[in-house]
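Here are two short exercises to work through with the model open beside you. Try each task before reading its solution.

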Amino acid sequence: MYILWIVFVAAGIIVLYRSWDADEPWLALKLIGYYVLGAFYIRLNDLALPVGFVVGMLLLLAPKTNRGAKRGAVVLGLALMLLGWLLR
């Protein structure tokens, strides 16, 4: 199950990396960071609060390059966090 999860995340990051608009150094590592930030949550009782998604979207107000790819990485992190939270 974990191998499938890792393959799915890697495929998502690769697709997002190929959709970049402008040349940017270290874009792959930035996308991985935005993914991890989007998947971060705080658990209160049985409720998961996606704090990382909110912070990630606020961080996207500053950069002008590759905003769509970075937003996709944050949303991918949120989607996989929700999927993991629902499947547990």
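Buried means under 20% relative accessible area, exposed over 50%, and partly exposed in between (1.4 Å probe, protein chains only). The model is predicted, so local features need pLDDT of at least 70 and side-chain atom pairs pLDDT of 80 or more, while totals for chains, interfaces and linings use all residues. Numbering starts from 1 along each chain as its sequence is written, and side-chain values use heavy atoms, leaving out hydrogens and water.

**Exercise 1.** Classify Glu-24 as buried or exposed, and find its salt-bridge partners.

*Solution.*
- Step 1: Glu-24 has 12% relative accessibility, so Glu-24 counts as buried.
- Step 2: Apply the salt-bridge criterion, a side-chain nitrogen of Lys or Arg within 4 Å of a carboxyl oxygen of Asp or Glu. Lys-30 pairs with Glu-24, with the closest N and O atoms 2.8 Å apart.
- Step 3: Lys-70 also forms a salt bridge with Glu-24, at 2.9 Å from N to O. Lys-70 lies in helix α4 and Glu-24 in the loop between α1 and α2, so this pair ties together parts 46 residues apart in sequence. Helices here are DSSP runs (H or I, at least four residues), numbered from the N terminus.
- Step 4: Glu-24, Lys-30 and Lys-70 are thus linked in a salt-bridge network.

**Exercise 2.** Compare the accessibility classes of Lys-30 and Lys-70.

*Solution.*
- Step 1: Lys-30, at 33% relative accessibility, counts as partly exposed.
- Step 2: Lys-70 has a relative accessible area of 3%, so Lys-70 is buried.

How values were computed
Helix = DSSP H or I, 4+ residues; strand = E, 2+ residues; numbered from the N terminus.
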